[in-house]
Amino acid sequence: MMNTKKFYITTPIYYPNAKPHVGTLYPTVIADTIARWQKLMGKNVFFLTGLDEHGQKIQDAANATGMAPKTYVDGIAPSYTNLWERYNIAYSRFLRTSDADHERGVVAWIEQMIKQGDIYKSTYIGYYCTPDETFDTVNTETAKDEKGNYLCPECNRPLRELEEESYFFRLSAYQDQLLKFYEEHPDFVTPKERLNEVLSFVKGGLKDVSISRKTVSWGIPFPGDPTHTVYVWADALNNYLTGIGYGQKEADKLAQFAYWWPADVQVIGKEIARFHAIYWPAFLMAANLALPKKLLVHGWILASGKKMSKSLGNVIDPEQLATWYGVDAVRYYLLRQMPINQDGSFELKDLEDRINGDLANNLGNLLSRISTLALANGLATVPSPTQLESATSIALKERCEETFRLYLDEMNKYSLHTALSCLWKFISEVNAYVQTQKPWELAKTNKDLFAEVIASTCNCLHAIGVMLWPVMPHKMELMLKAIGQTVDTTTNYEQSLRANRWNTTFSITKLEQPLFLRPETHVTPAETPSAFAPTELRRDVAASTAGAVPNQSTAAESNEIAIEDFAKVELIVGTVEQCEPVPNSEKLLKLQVDFGPLGKRQILSGVAQLFKPEDLIGKQGVFVTNLKPRKMMGLMSHGMMLFADNQVVCPRNAAQNGARVK
Ligand code: MSP
């Protein structure tokens, strides 16, 4: 029987070959918000996330550091759990694919496949993309790099040729069953366009897929043949099952699995839709298990116009964002700014605008206005009136109920940005209500109506606080506390918000500080040297250019430049974290540079004949960070390292990474 009380949600599991960045925070915040919302709607929720630790990519990354793979991933795993804790990610389990129960579950699944004849041994001849861990086929349309290597159609990085003994899963046998499933479940994938892509791929004919690797040792030994390991995607996809007890012997684990499976929503990025919409359902069909109810496919967070990713060197560090702007403002921005089904650019200026406008002006001010007015007029305890007198208050109450219904509708469709935009429409209306009712005048002329306006606004803030709690849990708890309320996850808020009774008595306390602190005011875009730099840095540039009157004629006569020309150059201190030669280049070194609060970047430098990589690793230097990105030997460079007389230009004493040279 279908259990409608439970809600099981998952994120993809992340490759721990780098610390999390804003692009990996994004799906985690989406899933956490949906999980919290479902709790408020009275569901029992299980929220699974974790790490995809096995496979070639991690093995190579560990080898490059000289560490054993397990030691390597053990070192990176806390950067995920710590960040999730900081961002209030309330997961039920953090699974690592090196966990013993997960490994047992994967083995149980493969043994069953072998028994029923879904697996056979053959040889894989084709291509492999290590960064994506995908087996790829090429054709006449596949792009090549300048050296003639085929490029991965997904990530555009060179493919490796591979000829290797492998165990295959009979995916082709599931083609018809898959097509029938898509037809019967048109809502399986959101947004629908993603399902169309999947459909045409499947209709094009499915080939059997490799599910083992003979040349990769960092993985789960293949049952019955320990000379192979389980292919990392076959291993990883199973986490959605093993995370809730699949393949275990204990009765309680099996009961747990029976209770939670199938997943209600699986949040995934668009580039892994094929794995989740084709291979994953076929694996489940083969294991005789129900299929997930929904794949929620989100777009990419872009930085400098490209998918934010470590390999492109354009990642933004969520820890720094949390320090500058606060966790909840970042959570809100991610969900509000980018339509979930599209790509969206991450811009600090937009984030600051959202904090100033939506959060500080519209919501924070509403709370502080009402609490100041109430306390200044002796109304620390605000009972809701049994009957509203003013027609405007009655209309506001109706809008409050309607907003909940609209919000619920959008949240049920997982359209978080439209849910938030309809909530902000309501917040503006509450502000307009306060503005037109003029409670500061009513306090002197009509005490009863004054109390009604304060109570009505508090009722609205109460509903807003509950609806927004999944997005900004900490700030909404503070807001609700300021009117004497809490969020109680054992309450079924679907019933109470729908009933919209407005019978609560509020107790107002003085706010120690505004609910949302404003970031520094930004300078105009024309003065902005780079979207990469936070307000302070951009302001530095504006300040140093202000008041400078260039003497144009003299400048034209010599090679002098005016101060505002110099101010255009961003000279920033950074530390070289990684450095390696660029294959087939005698001159270039590829650097990963840490600019502290400004994030990390990939920078190419033509000094391979002067320095060995180990000479530069750990070195602090000065970099030009607003040079137009350049492609060299197929790799992007996002800046330039400065040298003088064959030496690195650097501050005399260690400086803060991210500091500006002025
Ligand atoms: N390990 C696989 C997933 C296995 S799930 C059984 C993987 N890992 S990943 O670390 O590369 O990516 C994990 C998720 O993060 C993906 O859904 C991906 O879309 C998401 N993101 C990583 N960078 C992103 C952006 N710049 N923007 C939005 N999401 C992105 O794939």
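Which of the 23 residues around the ligand come nearest? Select the ligand and its surroundings in this predicted model: Ile13, Asp52, Glu271, Ile301 and Met308 are the residues that come nearest, out of 23 around the ligand.

**Stop 1: the ligand**

Keep the ligand displayed and add Glu271. An N or O atom in the Glu271 side chain is 2.9 Å from an oxygen atom of the ligand. Now add Gly269, where the backbone supplies the atom: one of its N or O atoms lies 3.0 Å from a ligand oxygen atom. Then go to Met308, which has a backbone N or O atom 2.9 Å from a nitrogen atom of the ligand. Taken alone, the ligand exposes 650 Å², and the protein buries 94% of that area. To see which elements contribute two or more residues to the shell, select helix H1 (22-40) and helix H7 (232-237). Colour the shell by residue class next; the shell residues divide into 13 nonpolar, 7 polar and 3 charged.

**Stop 2: paired strands**

Hide the ligand and select strand E4 (residues 119-129) together with strand E6 (residues 160-169); the two pair in the antiparallel sense over 10 bridges. For one position in this pairing, pick Thr123, whose bridge partner in E6 is Glu165. Keep E6 and add strand E8 (residues 209-210). E6 and E8 also pair in the antiparallel sense, over 2 bridges. Here the residue to click is Phe169, with Val209 as its bridge partner in E8.

**Stop 3: Leu449**

Move to helix H17 (residues 447-468) and select Leu449 within this helix. Add Ser390 and set a C-alpha to C-alpha distance: Leu449 and Ser390 are 7.8 Å apart in space and 59 residues apart in sequence. Leaving out residues up to four places away in sequence, Leu449 touches Ser390 and also Leu442.

**Stop 4: Gln485**

Select Gln485, placed in the loop between helix H18 (473-482) and helix H19 (493-499). Is Gln485 buried or exposed? Gln485 counts as buried because its relative accessibility is 14%, and the cut-off for buried is under 20%. To see what surrounds this residue, show His462, Leu480, Thr504, Thr505 and Phe506; Gln485 is in contact with these residues when neighbours within four places in sequence are left aside.

**Views to save**

For the ligand, keep a view with Glu271 and its side-chain N or O atom 2.9 Å from a ligand oxygen atom. For the strands, keep E4 and E6 with their 10 antiparallel bridges. For the loop between H18 and H19, keep Gln485.

Note on methods. Residues numbered from 1 in each chain as written. Predicted model: local features only at pLDDT ≥ 70, side-chain atom pairs only at ≥ 80, totals over all residues. Heavy atoms only, no water. Near = heavy atom within 4 Å. Polar contact = N/O pair within 3.5 Å; in protein donor to acceptor, adjacent residues only side chain to side chain. Areas by Shrake-Rupley, 256 points an atom, 1.4 Å probe, with all protein chains shown as cover. Helix = DSSP H or I, 4+ residues; strand = E, 2+ residues; numbered from the N terminus. Nonpolar A, V, L, I, M, F, W, Y, C, P; charged D, E, K, R; others polar. Buried < 20%, exposed > 50% of the residue type's maximum accessible area, 1.4 Å probe, protein only. Contact = heavy atoms within 4.5 Å. Pairing = 2+ DSSP bridges.
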